[in-house]
Amino acid sequence: MSLHFRIATADTIPHGSDASIDALTATGATMCALMRFTDGFSVAQNLITKDGGGNGWLLSTTTTRRMTFTHRRATTNSIYESVTNTLFPGGWHFLAATFDDAASPRGHLYIGDATSVATEPAYVTAQEGTGTINTDAANTFIVGNKSGVSNSMGGDVAFVNYYNRVLTLTELQSIQAEWLAGRSALVAAPDARLIAVYDGQAPGTRVIDLSGYGNHGAPAGASPVPHYTYSLIPGGAMHPLIGIGPWKDAWIFQAAAAGAASFIPPRRPLRFHTRSF
């Protein structure tokens, strides 16, 4: 399942500013997501953010189909931006960024898709940045946009993980494989450093954080609020009938175009809830 955002609106999923998702410091952090861009790249789009202007960070795109990770610093920001045309419209992307203030270089981007494993792209900008890292404690962790603006991404978000440690490329590729199979991916589950999990769940007043930290989100934005789509994990044009969601993984029963049924079995005991259409 995935959640659809309308491009350049105030569509957003804020997840609060709990202490468990604060302060991207020398401990390092990793944010990764499975997304697809259905509305093109006519404007810059915010993907995942915890940005307050003078502090915090954001993962975004440019109109030239670049992926950008920006980390605010007191003097000059840390900025890592892939080369032009790294991203493409319509298809699913696995996107990841890591940051470790004690490393050199501090930041890395990784990009994959439904047929290619994630790798580090070439960069048009790789600015390490200087000055103090101010706390981001007052900033809201947001999926699909940035607080107080109308620069939402245009497309679908299926999964987001946010860790307060730096994951290896091998771990990221493992997550990518799990997500492309339609399963939530926790690496070493449960990972005490996994601090927020979003998995494109069914409509409701909350988007549940599956990490155990309780950083739940609440859909908000332009009228109407972001609309939900039941699909569309890579693998073909399939139209789900019912989403059945346990705590960590899910069975997703689907009706294929030819009328056949398929499902993705869970790896953990089920906790059922049903949604009708």
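This dialogue walks through the core, strands, ring pairs and salt bridges of one predicted model.

Biologist: What should I know before reading the values?

Modeller: This is a predicted model, where local features need pLDDT of at least 70, side-chain atom pairs count only at pLDDT 80 or more, and totals for chains, interfaces and linings use all residues. Residues are numbered from 1 along each chain as its sequence is written, and side-chain values use heavy atoms, with hydrogens and water left out.

Biologist: How do I read a nonpolar core, and which residues have the most contacts inside the largest one?

Modeller: A nonpolar core is a set of buried Ala, Val, Leu, Ile, Met, Phe, Trp, Tyr and Cys residues joined through side-chain atoms within 4.5 Å. Buried means under 20% relative accessible area, exposed over 50%, partly exposed in between (1.4 Å probe, protein chains only). Here the largest nonpolar core has 29 residues. Met35, Leu47, Ile48, Leu59, Phe69 and Leu95 have the most contacts inside it.

Biologist: Which elements give two or more residues to this core?

Modeller: Helices (H or I, at least four residues) and strands (E, at least two) are DSSP runs, numbered from the N terminus. The elements giving two or more residues to this core include strand S3 (29-37), strand S5 (56-61), strand S6 (67-71), strand S8 (92-99), strand S9 (107-113) and strand S12 (155-163). S3 gives the most, with 5 residues. A second, separate core has 14 residues, among them Cys32, Ala158, Leu172 and Ile175.

Biologist: Take Leu95. Where is its place, and what does it touch?

Modeller: Leu95 sits in strand S8. Its relative accessibility is 0%, so it counts as buried. Contact means heavy atoms within 4.5 Å. Not counting residues up to four places away in sequence, Leu95 touches Met31, Cys32, Ala33, Met35, Phe37, Leu47, Met67, Leu87, Tyr110 and Ile111. Leu59 is 36 residues from Leu95 along the chain, and their C-alpha atoms are separated by 9.3 Å.

Biologist: How do I read the two faces of a strand such as S8?

Modeller: In a regular strand the side chains alternate between the two faces of the sheet. In S8, one side has Trp92, Phe94, Ala96 and Thr98, and the other has His93, Leu95, Ala97 and Phe99. All of these are buried, and both faces are covered. With 8 of the 8 residues buried, S8 is largely enclosed by the rest of the structure.

Biologist: What does S8 pair with, and in which sense?

Modeller: Two strands pair if DSSP finds at least two bridges between them. S3 and S8 pair in the antiparallel sense over 8 bridges. Cys32 has Ala96 in S8 as its bridge partner. S8 and S9 also run antiparallel, joined by 7 bridges. There, His93 stands opposite Asp113 in S9.

Biologist: His108 lies in S9 too. Which side chain does it make a polar contact with?

Modeller: A polar contact is a pair of N or O atoms within 3.5 Å; within protein, one must be able to donate a hydrogen and the other to accept it, and residues adjacent in sequence count only if both atoms are side-chain atoms. The side chain of His108 makes such a contact with that of Glu120 (2.8 Å).

Biologist: How is a ring pair described, and how many aromatic pairs are there?

Modeller: A pair of aromatic rings is described by the distance of the centres and the angle of the planes. Rings of Phe, Tyr and Trp (its six-membered ring) pair if their centres lie within 6.5 Å; planes under 30 degrees apart count as stacked, over 60 as edge-to-face and the rest as tilted. A search of the whole structure finds 8 aromatic pairs. Phe37 and Phe41 have ring centres 5.0 Å apart and planes at 45°, so the pair is tilted. Both Phe37 and Phe41 are buried. Trp57 and Phe69 are tilted too, with centres 6.3 Å apart and planes at 35°. Trp57 lies in S5 and Phe69 in S6, so this pair ties together parts 12 residues apart in sequence. Ring pairs link Trp57, Phe69, Phe99, Phe141 and Tyr162 into a cluster.

Biologist: How many salt bridges does the count give?

Modeller: A salt bridge is a side-chain nitrogen of Lys or Arg within 4 Å of a carboxyl oxygen of Asp or Glu. The count comes to 9. Arg36 and Asp156 meet in one of them (2.7 Å, N to O). Arg36 is in S3 and Asp156 in S12, 120 residues apart, and the pair links these distant parts of the chain. Arg36 is buried at 17% relative accessible area, and Asp156 is buried at 2%. Salt bridges that share partners also join Asp51, Arg72 and Lys146 into one network.
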